[in-house]
Amino acid sequence: MKKTILILAVALCFSVVGQAQKVTKKDIVGTWKLVIDIEEEMEEEAEDADTMLEEVFIKAISGFVGGIMEDVEIYFDFQSDNDVKITVNAYGETETERGSWYINRRGYLVIEDIEDDDDSFHISADDDEWKLVDGILVSDEHERDRNVYMARVN
């Protein structure tokens, strides 16, 4: 009987680890760095390629793209008034865009761009739900593979 209870307790502990948690405002407020494991992402894309030529092309450019991404840093500064400042540092240049964020009814983070007419960059984060999993924010699109996520900076 004790053995069965111990096995059930261990199984319960492992089932809780790695599951998405509902987020709260205090979980989100602060600075987060976007992490993109481009090589892993490209490898998965190559595996899903429709043709051998497409697979070879993806594999050929993955190293080039990975080298470019090493020089790009993207930060999300979530403020308590539900504004978010998105800063991209790339090749000695810095650009900042503003957006807004909220926690939806399901308890997940949603980031919205604020449309403007200037020529600045635009982060396409609309309609993605970001879930808190093991201390990182993972978008619903990348929840399983975790190739794209945000890690808290402060």
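## Questions about a predicted model

Modeller: The accessible surface of the protein chain is about 10,200 Å², and carbon and sulfur atoms hold 53% of that area. Keep in mind that this is a predicted model.

Colleague: What makes up the secondary structure of the protein chain?

Modeller: There are 4 helices and 8 strands. Along the sequence the pattern reads α-α-β-α-α-β-β-β-β-β-β-β. Of the 154 residues, 33% are buried. Among contacts with a separation of 6 or more, 48% join residues 24 or more positions apart.

Colleague: How many aromatic pairs does the structure hold?

Modeller: The count is 2. One of them joins Phe76 and Phe78.

Colleague: Why is the pair of Phe76 and Phe78 called stacked?

Modeller: Take the distance, then the angle. The ring centres are 6.0 Å apart, and the cut-off for a pair is 6.5 Å. The planes meet at 15°, and planes under 30 degrees apart count as stacked. So Phe76 and Phe78 pass on both counts and the pair is stacked. Both Phe76 and Phe78 are buried.

Colleague: What makes the pair of Phe78 and Trp101 edge-to-face?

Modeller: The angle does. The planes of Phe78 and Trp101 stand at 85°, and over 60 counts as edge-to-face. The centres lie 5.9 Å apart, within the 6.5 Å allowed for a pair.

Colleague: Which parts of the chain does the pair of Phe78 and Trp101 tie together?

Modeller: Phe78 belongs to strand S2 (residues 72–78) and Trp101 to strand S4 (residues 93–103), so the pair links parts 23 residues apart in sequence. Phe76, Phe78 and Trp101 form one aromatic cluster.

Colleague: How do you know whether Phe78 and Trp101 are buried or exposed?

Modeller: Set each value against the cut-off. Buried means under 20% relative accessible area. Phe78 has 1%, so Phe78 is buried. Trp101 has 2%, so Trp101 is buried too.

Colleague: Why is Lys131 said to lie over the face of Tyr108?

Modeller: Lys131 is 5.0 Å from the ring centre of Tyr108. The limit is 6 Å, with a further condition of 35 degrees from the ring normal. Lys131 is listed as lying over the face of Tyr108.

Colleague: Why is Asp27 called partly exposed?

Modeller: Asp27 has 22% relative accessibility. Partly exposed runs between 20% and 50%, so Asp27 counts as partly exposed. Asp27 sits in helix H2 (residues 25–28).

Colleague: What does Asp27 touch beyond four places in sequence?

Modeller: Asp27 touches Lys22, Trp32, Leu132 and Arg152. Asp27 and Arg152 are 125 residues apart in sequence, with 9.7 Å from C-alpha to C-alpha.

Colleague: What makes the approach of Thr24 to Asp27 a polar contact?

Modeller: The backbone nitrogen of Thr24 is 2.9 Å from a polar side-chain atom of Asp27. The cut-off is 3.5 Å, so the distance fits.

Colleague: Why does Ser139 count as buried?

Modeller: Ser139 has 1% relative accessibility. That is under 20%, so Ser139 is buried. Ser139 lies in strand S7 (residues 136–139). Beyond four places in sequence, Ser139 touches Asp128, Glu129, Trp130 and Val148.

Colleague: Where does pLDDT stay under 50?

Modeller: Over residues 1–18, for which the model has 4 contacts beyond four places in sequence. Where pLDDT is low, predicted coordinates should not be read in detail. The protein chain averages a pLDDT of 75, with 65% of the residues scoring at least 70.

Methods: Residues numbered from 1 in each chain as written. Predicted model: local features only at pLDDT ≥ 70, side-chain atom pairs only at ≥ 80, totals over all residues. Heavy atoms only, no water. Buried < 20%, exposed > 50% of the residue type's maximum accessible area, 1.4 Å probe, protein only. Helix = DSSP H or I, 4+ residues; strand = E, 2+ residues; numbered from the N terminus. Contact = heavy atoms within 4.5 Å. Polar contact = N/O pair within 3.5 Å; in protein donor to acceptor, adjacent residues only side chain to side chain. Areas by Shrake-Rupley, 256 points an atom, 1.4 Å probe, with all protein chains shown as cover. pLDDT = per-residue confidence, 0-100.
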